[in-house]
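Reader: Could you take one part of this model and go through it closely, residue by residue where that helps, with the cut-offs behind each term? I would like one connected account rather than a list.

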Amino acid sequence: MKPNRQDAKSTDSSGTSVTTVLSGDSQVQTSLTFNLTIMEIPVFTLDAFTNLPFKGNPAAICPLMTELTDDMYQKIATEMNLSETAFITRINPSDDFTTGSRFRLRWFTPTNEVNLCGHATLASAAVLFQHMKNVNPTLVFETRSGDLAVIQQGEEYVMDFPLNPPTEQDVNEFRDIIKAAVGNHPVQDVYLSPNTKKLMVRLADSCDRSVLTSLKVDPAALLNSERSGRVKGLILTMKGSPGCQPGYDFYSRYFAPWNGIPEDPVTGSAHTVLGSYWSKKLGKKKLLAFQCSKRGGELKLEVRDDGRINIAGETVTVLQGTITL
């Protein structure tokens with residue numbers, strides 16, 4: 001004989017569905033609770049410092065009406081698995097993404113939060129200007145690196161970033177990491193930016209651009225060669241070809257396995273160091289740079305007299321969707 005059974009369903013004020021199962025024979029009441037609340041987070045993926053899809057540096061951008069926990073930010077960034085995922089949140093609760101001019105901005109790699117990121121800032125501004133139709137001429141992001149302003153000029157976005165002048169180092173102090181990165185190729189300069197913990201290694205002018213582009217840098221070897229904590233990113237750079245169109249002043253590549261990024265395709269923050277160095281070496285304030293990773297990207301730089309640098313570039317939106325949690 002089958003036991004008598006009645007199921008009663010109800011929904012509480014929070015939107016939670018409660019199913020109560022009643023068993024007549026055993027006089028046991030069981031409640032099964034299912035949370036119907038679904039969090040939907042808009043997400044955009046943009047390629048920064050390029051006008052072509054699948055070039056430049058991709059960043060995931062999430063505009064949020066409310067803050068999330070740090071743990072949730074990190075989980076989303078790990079899931080997106082790009083060099084950076086950026087989260088834009090409102091400062092003034094009465095603002096929205098169309099009318100507001102100041103926002104908080106945080107950047108996460110797949111493994112940790114970082115203090116400064118150029119390409120994800122460029123992409124964040126593009127999302128607000130292009131997709132949210134922001135009406136302000138200037139957007140200001142409050143970040144770990146202070147206020148970062150961005151304006152739109154034609155097809156480009158111009159970021160107002162801090163300049164991070166590096167200091168010259170003894171090559172022998174960093175011989176292991178240099179060897180791991182460039183092998184036996186000749187090195188002309190070694191500089192370190194203490195603020196950003198970026199080590200800059202300049203290849204000798206006798207090296208052709210193909211030397212830089214063909215280097216096979218092993219991220220595990222970099223990690224093993226530098227464990228002091230002084231270095232969190234490695235910049236490899238060389239003089240450009242200003243006489244050949246489009247006239248790049250210098251080239252670079254950037255590696256940051258200490259932050260979970262084997263090689264970053266195009267790195268705005270690295271150019272706060274590179275811009276300072278090459279401006280002094282070349283005696284010019286306006287520079288055109290190319291980061292010659294496999295994807296490649298172009299940056300326009302202007303070193304200012306107030307200790308800041310303007311970094312300009314274009315973006316391309318390649319994905320728009322929703323993260324459902």
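Author: Of the 325 residues in the chain, 52% are buried, where buried stands for under 20% relative accessible area, exposed for over 50% and partly exposed for the range in between, with a 1.4 Å probe and protein chains only. The model is a predicted one, in which local features need pLDDT of at least 70 and side-chain atom pairs count only at pLDDT 80 or more, while totals for chains, interfaces and linings use all residues. Residues are numbered from 1 along each chain as its sequence is written, and side-chain values use heavy atoms, with hydrogens and water left out.

The chain has 6 helices and 21 strands, these being DSSP runs numbered from the N terminus (H or I and at least four residues for a helix, E and at least two for a strand). The part to follow closely begins at helix α6, residues 271-282, which is largely enclosed by the rest of the structure because 9 of its 12 residues are buried. The buried residues of α6 run from His271, Thr272 and Val273 through Leu274, Gly275 and Ser276 to Tyr277, Trp278 and Ser279. Just after α6 comes Gly283, with a positive phi of about 70°.

Strand β18, residues 286-291, is likewise described as largely enclosed by the rest of the structure, since 5 of its 6 residues are buried. On the pairing side, two strands pair if DSSP finds at least two bridges between them, and β18 has two such partners to consider here. One is strand β16, residues 250-256, which runs parallel to β18 and is joined to it by 3 bridges; in this pairing Ser252 has Gln291 of β18 as its bridge partner. The other is strand β19, residues 297-303, which runs antiparallel to β18 and is joined to it by 6 bridges, with Glu298 of β19 as the bridge partner of Phe290. The strands β18 and β19 make a hairpin with 5 residues between them, and Gly296 in its turn has a positive phi of about 75°.

To place this part in its wider setting, the nonpolar cores are useful; each is a set of buried Ala, Val, Leu, Ile, Met, Phe, Trp, Tyr and Cys residues joined through side-chain atoms within 4.5 Å. The largest core has 51 residues, of which Phe49, Ile61, Ile88, Trp107, Phe141, Leu301 and Ile311 touch the most other members. Helix α2, residues 118-131, gives this core its largest share, 8 residues. Apart from it lies another core, of 27 residues, and among them are Phe290, Trp258, Val190 and Leu203.

Leu203 leads on to strand β14, residues 198-203, where 6 of the 6 residues are buried. From β14, Leu199, Val201 and Leu203 point one way while Lys198, Met200 and Arg202 point the other way, and all are buried. Strand β13, residues 187-193, pairs with β14 in the antiparallel sense over 6 bridges, and in that pairing Ser193 is matched with Lys198 as its bridge partner. The hairpin of β13 and β14 has 4 residues between the strands, and Lys197 there takes a positive phi near 60°. With strand β15, residues 233-239, β14 pairs in the parallel sense over 5 bridges, and here the bridge partner of Lys198 is Gly233.
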